[in-house]
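Okay, thanks for coming, everyone. Let me put the model up and then walk you through it.

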Amino acid sequence: MQFGRYYEEFEVGAVYKHWPGKTVTEYDDHLFCLITMNHHPLHLDANYAEETTDFKRNVVVGNYVYSLLLGMSVADVSGKAIANLEVESLRHIAPTFHGDTIYGETEVLDKTPSKSKDDRGVVYVETKGYKQDGTVVCVFRRKVMVPKRSYGDARGGEQPGRPTPKA
């Protein structure tokens, strides 16, 4: 099973459809909010959301949706990454609610060989997240430094650092 890609494997215009999707539960949302100390009642207080918001229910915190999509993309995009260099833009297009299932896909917008080291390059991608009905909820663009195959071969190939079992 592939985990990320080498620089040579990225093609401008390619779209990677991340699988599987993830159904967001109330537990997921609340745990993320509490871990990150985001106590806004829009995300945690059902009565507040029902009585005072246009949505009439809790909205999943946007940073969880972004983090979920970023995680979904690792196997296809950044599993071999040397560094995540930049998140250029992040837009929350529509709300996500408890029970929605999020799917993601990433398009390769550009790729540039490194000017300082010949064993790597920078890949520029856009990831879109959408719900089960196709509604786009989140879009972000980022730059990822990925190795060329020579870098990987010099450091152990496809599974660097993997130990050999002792007899």
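**Around the core and the sheet**

Let's begin at valine 24: skipping neighbours within four places in sequence, it is in contact (heavy atoms within 4.5 Å) with Val60, Tyr64, Leu68, Thr96, Phe97, His98, Gly99, Asp100 and Ile102.

Before I go on, the usual small print. This is a predicted model, where local features need pLDDT of at least 70 and side-chain atom pairs count only at pLDDT 80 or more, while totals for chains, interfaces and linings use all residues. Residues are numbered from 1 along each chain as its sequence is written, and side-chain values use heavy atoms, with hydrogens and water left out.

Right, the core. By nonpolar core I mean buried Ala, Val, Leu, Ile, Met, Phe, Trp, Tyr and Cys residues joined through side-chain atoms within 4.5 Å; buried is under 20% relative accessible area, exposed over 50%, partly exposed in between, with a 1.4 Å probe and protein chains only. The largest one has 14 residues, and Val24, Tyr64, Val65, Leu68, Leu69, Ile102 and Cys138 touch the most other members. Two or more residues come from each of helix 4 (62-78) and strand 5 (136-147); these are DSSP runs numbered from the N terminus, H or I of at least four residues for helices, E of at least two for strands. Helix 4 gives the most, 6 residues. Apart from that core there's another, of 9 residues, including Tyr7, Phe10, Val77 and Val146.

Now the sheet. It's open, 5 strands in the order 1-3-4-5-2, with antiparallel pairing; for a pair, DSSP has to find at least two bridges. Strand 1 (15-23) and strand 2 (83-92) each have a single partner strand, so one side of each has no neighbour in the sheet. Strands 4 and 5 pair over 11 bridges, with lysine 128 standing opposite valine 139. Helix 4 packs on the sheet and touches strands 1, 2, 3 (101-113), 4 and 5, its direction making about 40° with that of strand 5. Axes here are lines fitted to C-alpha atoms, for helices over the stretch in contact, with angles from 0 to 180 degrees between N-to-C directions.

Last stop, strand 4. Which side chain does threonine 127 make a polar contact with? That of threonine 106, at 2.8 Å. A polar contact is an N or O pair within 3.5 Å; within protein, one must be able to donate a hydrogen and the other to accept it, and residues adjacent in sequence count only if both atoms are side-chain atoms. Threonine 127 counts as buried because its relative accessibility is 0%. Lysine 131, in strand 4 (residues 120-131), also counts as buried, at 10%, and its side chain has a 3.3 Å polar contact with that of aspartate 100.
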